[in-house]
Amino acid sequence: MALPRAAAALADPLMAQDIWMACAGPFARLPSVGAKVYYFPKGHADQCRGVHLPVVPADTAVPCTVESVVLRYHAISGAPYAMISLHLGEGPAQPPAALAPAQPQFPDLRYYVKHLEGTSDDRRLVVPQPCADELFYPPPVQNEEDETQEQYLDMVDVRGNTIRFKHVLRNGNNTLTSGWTVYFRNNGLRMGKGKDGVVLMRCVEGQGGLLIGFRRGEPSPNLASELLHNFEAASAAAGAVPSNQLVLGQVQNVHANPNPFTVHYYPRQGWPFVVPRTEVDRARRLDWELGSTVIMSVPVDNHELPSSRLEAGAPPFFQGQITAVNNDDRWCQLQVNWDESSAPTPSGEVNTWQVQLLAPHHL
């Protein structure tokens with residue numbers, strides 16, 4: 001059976017949001033067009049790891065309105081990112097529907113996240129049976145005496161390139177061989193607990209066939225200097241950092257037309273820094289005390305196969321205790337000591353709107 005080609009589906013720079021989210025991971029968030037949000041320059045700066053940054057005022061939360069959201073993948077690294085255009089304050093009077101087209105969707109998308117923890121994952125990729133059964137076509141029936149079945153699978157990566165993988169089924173074990181090593185090395189994937197994972201995706205017939213992407217397990221320092229330019233321009237346009245304090249001094253005329261401005265959000269580099277105002281304001285009304293217990297829910301994407309979440313050992317939530325509260329800063333106000341978990345725990349520096357308060361600590 002021939003696989004439908006996916007290049008046409010991915011050629012549009014407005015990538016399908018659910019495919020983008022599959023590569024972005026469960027904690028990624030995208031604001032709605034027309035939403036009233038806060039832009040946090042300190043959160044934006046967190047993406048620029050490994051470079052010297054200007055000092056952002058501690059309690060800076062810039063009220064904005066979302067004009068548009070455009071989804072892309074970085075041309076070199078393949079990292080998913082969103083270009084979010086913001087208006088200071090309440091924004092224009094035109095209705096949100098006129099500001100940006102709707103993102104294309106793949107309602108029947110299914111995907112499996114295979115975490116690269118094996119010692120040979122750079123040479124071949126062992127695919128669990130539930131993944132192969134749900135996503136791959138069955139290998140052609142061969143001679144019953146031959147226990148090995150093989151087929152070639154064409155997958156399209158997030159840059160629109162078609163890659164041919166050899167799928168081997170032997171004694172109930174599914175493996176991707178030829179094609180995998182090249183993909184692994186070309187994308188600089190890393191093995192080990194908490195490192196990278198490959199996202200194997202399947203759309204229904206006529207909607208793109210087999211797709212492949214990946215999730216970085218750790219922020220990439222290679223993007224830092226590039227992201228710094230966007231941070232400088234956006235924070236200056238928002239009035240958060242004076243232009244004479246910018247590191248590179250390459251931002252020009254940002255105050256001539258500061259409205260709107262665009263931020264680049266890389267979900268694998270840090271927490272979302274464009275946040276609905278209602279969530280932030282509600283969290284600030286609560287009392288956050290040392291020793292209080294909080295939980296952080298892990299969002300579930302219904303496109304992800306249940307067997308994928310089961311293999312990863314992802315809990316429905318993480319629980320921990322507040323060890324520090326910085327009342328002078330809105331961004332990452334809390335320091336949380338997370339309880340031990342079979343899955344890698346989130347960063348200990350979190351925002352109040354990301355967690356739920358369970359109970360105060362009583363001595």
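How many helices and strands are there in the chain?

1. Overall content. This is a predicted model. The chain holds 8 helices and 17 strands. It has 363 residues, and buried residues make up 48% of them. Take the contacts between residues at least 6 apart in sequence: 68% of these join residues at least 24 apart.

2. The open sheet. One sheet is open and has 7 strands. Their order is β4-β9-β10-β6-β7-β8-β5, and the pairing is mixed. Which strands stand at the edges? They are β4 (110-115) and β5 (125-127). Each has a single partner strand, so one side of each lacks a neighbour in the sheet. On average, neighbouring strands of this sheet are turned by 35° against each other, with direction ignored. As background, strands of a sheet pair through backbone hydrogen bonds, either parallel or antiparallel.

3. The β6-β7 pair. Strand β6 covers residues 148-157. It runs antiparallel to β7, and 9 bridges join the two. For a specific register point, look at D154: its bridge partner in β7 is R164.

4. A helix on the sheet strands. Helix α2 (residues 17-24) lies across β4, β9 (197-202) and β10 (210-215). Its direction is at about 40° to β10. Of these three strands, β4 is the one named above as an edge strand.

5. The largest nonpolar core. This core has 70 residues. Which of them touch the most other members? They are Y39 and L86. Leaving aside neighbours within four places in sequence, L86 is in contact with V37, Y39, C64, T65, V66, N259, P260, F261, V263 and V274. Y39 is thus on the contact list of L86. Apart from this core lies another, of 23 residues, including Y112, C131, I212 and F214. In general, nonpolar side chains tend to be buried together in soluble globular proteins.

6. The cavity. The structure holds 1 cavity of 30 Å³ or more. The largest cavity contains about 70 Å³ of space. Its lining consists of S77, A79, P80, F214, R216, S220, L223, Y266, R268 and Q269. F214 from this lining is also among the residues of the 23-residue core.

7. Positive phi at N171. The phi of N171 is near 55°, a positive value in a residue other than glycine. Most residues other than glycine have a negative phi. N171 sits in the loop between β7 (162-170) and β8 (173-176). Is N171 buried or exposed? N171 counts as exposed because its relative accessibility is 55%, and the cut-off for exposed is over 50%.

8. Positive phi at C332. The phi of C332 is near 50°, again positive in a residue other than glycine. C332 belongs to the loop between β14 (317-325) and β15 (334-338). Its relative accessibility is 15%, so C332 counts as buried. The cut-off for buried is under 20%.

9. A buried loop residue, T352. Where is T352 found? It is in the loop between β16 (349-350) and β17 (356-359). At 2% relative accessibility, T352 counts as buried. Not counting residues up to four places away in sequence, T352 touches A283, W288, Q333 and L334.

Definitions and conventions. Residues numbered from 1 in each chain as written. Predicted model: local features only at pLDDT ≥ 70, side-chain atom pairs only at ≥ 80, totals over all residues. Heavy atoms only, no water. Helix = DSSP H or I, 4+ residues; strand = E, 2+ residues; numbered from the N terminus. Buried < 20%, exposed > 50% of the residue type's maximum accessible area, 1.4 Å probe, protein only. Contact = heavy atoms within 4.5 Å. Core = buried A, V, L, I, M, F, W, Y, C linked by side-chain atoms within 4.5 Å. Pairing = 2+ DSSP bridges. Axes fitted to C-alpha atoms, helices over the stretch in contact; angles between N-to-C directions. 1 Å grid on protein atoms, 1.4 Å probe; cavity = no way out; pocket = protein on both sides within 12 Å on 5 of 7 lines; lining within 4 Å. Points joined across faces, edges and corners; volume = space filled by probe spheres on them.
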